[in-house]
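Colleague: Thanks for making time for me today. Could you bring up the structure so that we can go through a few details together?

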Amino acid sequence: MSPSTYAHQPSHSNALNRLNRLPISRFHKLTLLAIAFAYFFEFADINSFATTAPKLVDLWGISVDQVAYVTSLSFVGMFIGSIVGGAIADRWGRKRALLQTTLFFAVFSFASVFSWDLVSLGVFRVLTSAGLSAMTVVAVVYVSEMYPAAVRGKYQAYAIVIGICGTPVTNLIASLVVPLSDWSWRLVYLWGSLGILLVLFTRHLKESPRWHESRGDHAAADAVLREIEAHVAAEKGPLPEPAPPVDEVPAQKAPLKLLLQKKYLLPTLLLTVLWVTQTIGFFGYSSWAPTLLAKEGLSVEKSVFYVALTTVGAPLGSYLASLVTDRFERKWSLTVFGTVIAICGLLYGLTFSPVFIVVFGFLVNFFERGYTALAYAYSPELFDTRGRSLGTSVSYGLGRLSNAAGPLIVASLYTNHGYRTVFYFIAGTWMVGAVVLALFGPRTRRARLAATKAPAEVADVGAPGRAD
């Protein structure tokens with residue numbers, strides 16, 4: 001089909017159906033590479049404080065409680081960043097928001113290099129965390145809107161397979177540079193600031209035509225679609241005809257009260273539980289493992305090194321998610337992964353054998369990063385285009401905000417009840433999320449299959465479990 005077929009129909013750009021019938025091409029792969037690059041430095045930066053905290057405990061004489069306060073405030077920053085990220089993605093567009101939020105976190109990660117005390121580092125980490133969370137929300141929505149429904153989960157997972165390598169790479173770098181001198185810990189934050197290089201991908205990224213369409217700008221959406229179709233057709237040959245356009249009312253600005261409507265409220269509550277349990281469960285583990293191991297008698301070098309080894313499982317877990325995400329019902333995959341994480345996390349906390357620390361830590365990272373990849377694909381599918389950015393950002397942001405209390409709970413449990421109690425708490429958190437998903441999580445696989453076979457029938461989506 002010629003890309004000009006729709007040139008006379010700017011009021012019916014038909015973005016969903018036209019994107020759904022595209023074969024995966026160089027355009028999709030370059031977009032994937034750009035998103036994966038942003039994810040890489042998000043995951044590289046998100047645990048920077050955790051990997052440098054053991055050194056700062058010795059160097060600046062800070063306490064576990066002070067580590068908890070900085071970590072806690074960082075999650076307040078993540079909450080603010082999530083809400084702002086969703087808002088600017090709706091106002092500025094997905095592409096511009098992705099670039100701006102990545103630039104924001106990179107600048108403040110660079111500023112962290114020059115921290116002179118815990119307060120200054122804490123301020124820079126809060127601002128960095130806000131940018132990290134904002135970028136994640138935008139990237140999740142962007143991938144959901146740019147890839148065909150039949151494979152969007154797989155490509156979301158592929159982006160994380162590459163991006164999550166930022167965690168083990170950063171932890172290994174930290175294990176090498178942090179012990180070198182009293183200033184070398186600063187290099188970890190310098191490394192995290194390299195996310196600014198996403199600007200190199202600017203010309204390869206296209207604005208989401210579905211965002212243009214949601215604003216009633218069908219001419220702009222059509223122009224982007226024809227450009228994408230031309231690139232794909234030049235590589236893959238003539239394109240199949242999409243389903244006919246569907247009349248839609250342009251979406252107005254999505255106010256926060258929109259989420260009080262039943263079709264948005266139920267998925268928002270469910271996803272809030274998902275992200276609260278994921279955030280407390282994962283960051284309770286990853287943010288504290290190096291410090292608690294050091295407190296229990298392992299050297300700073302060994303504690304950071306052991307945790308670095310366990311994070312090697314992260315990209316493998318994301319790859320596993322790419323294999324199952326579009327093949328099985330996502331809610332059940334999430335339920336199984338969450339249960340396995342709870343068991344492995346508990347076993348991790350019951351041993352001080354270096355071998356078992358690495359084995360169970362590896363499994364926690366393996367399944368948790370797979371869980372996150374699945375959740376990134378699942379979350380935006382529960383909303384239509386109008387509510388997608390807002391619903392995703394609010395639920396994700398509330399999850400991050402919940403961990404403002406998480407570090408304080410962990411510090412209190414450790415101080416008053418010991419090391420193992422921390423991991424009982426973390427395992428219990430994961431189980432709560434798994435049970436809630438099993439009982440209340442909408443199914444989305446049927447809607448994805450329907451979108452592939454007959455996109456026009458599901459183009460006007462509004463109910464949970466019907467993915468557009």
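Modeller: Happy to; what follows is a short round of questions and answers on this predicted model.

Colleague: Let's begin with a helix. What is the reach of H11 from its first C-alpha to its last?

Modeller: Helix H11 covers residues 218–236, which is 19 residues. At 1.5 Å a residue, one would expect 27 Å, and the model comes close to that. The reach from first C-alpha to last is 26 Å.

Colleague: Which helices do the buried residues of H11 pack against?

Modeller: The buried residues of H11 include His 218, Val 224, Leu 225, Ile 228 and Val 232. An α-helix has 3.6 residues a turn, so residues three or four places apart point the same way. The partners that the buried residues of H11 pack against are helices H1 (15–20), H2 (26–46), H6 (118–146) and H10 (209–214).

Colleague: And which residue follows H11?

Modeller: The residue after H11 has a positive phi, near 95°. That residue is Gly 237.

Colleague: On to Arg 369, then. Is Arg 369 buried or exposed?

Modeller: Arg 369 sits in helix H17, residues 354–381. Buried means under 20% relative accessible area. Because its relative accessibility is 4%, Arg 369 counts as buried.

Colleague: Which side chain makes a polar contact with the side chain of Arg 369?

Modeller: Leaving aside neighbours within four places in sequence, Arg 369 is in contact with several residues, among them Phe 43, Gln 278 and Ser 318. Ile 160 is 209 residues away in sequence, yet its C-alpha is 8.2 Å from that of Arg 369. The polar contact asked about spans 3.3 Å, and the partner is the side chain of Thr 372.

Colleague: Asn 365 caught my eye too. Which backbone oxygen lies 2.9 Å from a polar atom of its side chain?

Modeller: Asn 365 also lies in helix H17, and at 3% relative accessibility it counts as buried. Not counting residues up to four places away in sequence, Asn 365 touches Phe 282, Tyr 285, Thr 310, Thr 311, Gly 313 and Ala 314. The backbone oxygen in question belongs to Gly 361.

Colleague: Last one, at the surface. What is the area of the nonpolar patch that includes Val 199?

Modeller: Val 199 is in the loop between helix H9 (186–192) and H10, and it is partly exposed, with a relative accessible area of 49%. Leu 103, Val 107, Leu 194, Ile 196, Leu 197 and Leu 200 make the patch together with Val 199. Its area is about 560 Å².

Terms used
Residues are numbered from 1 along each chain as its sequence is written. This is a predicted model: local features need pLDDT of at least 70, side-chain atom pairs count only at pLDDT 80 or more; totals for chains, interfaces and linings use all residues. Side-chain values use heavy atoms; hydrogens and water are left out. Helices (H or I, at least four residues) and strands (E, at least two) are DSSP runs, numbered from the N terminus. The expected span of a helix is 1.5 Å times one less than its number of residues. Buried means under 20% relative accessible area, exposed over 50%, partly exposed in between (1.4 Å probe, protein chains only). Contact means heavy atoms within 4.5 Å. A polar contact is a pair of N or O atoms within 3.5 Å; within protein, one must be able to donate a hydrogen and the other to accept it, and residues adjacent in sequence count only if both atoms are side-chain atoms. Patches are made of residues with over 30% relative accessible area and no salt bridge: like charges are joined within 9 Å, nonpolar side chains (Val, Leu, Ile, Met, Phe, Trp, Tyr) within 5 Å. Accessible areas come from the Shrake-Rupley method with a 1.4 Å probe; for residues, only the protein chains shown count as cover. A salt bridge is a side-chain nitrogen of Lys or Arg within 4 Å of a carboxyl oxygen of Asp or Glu.
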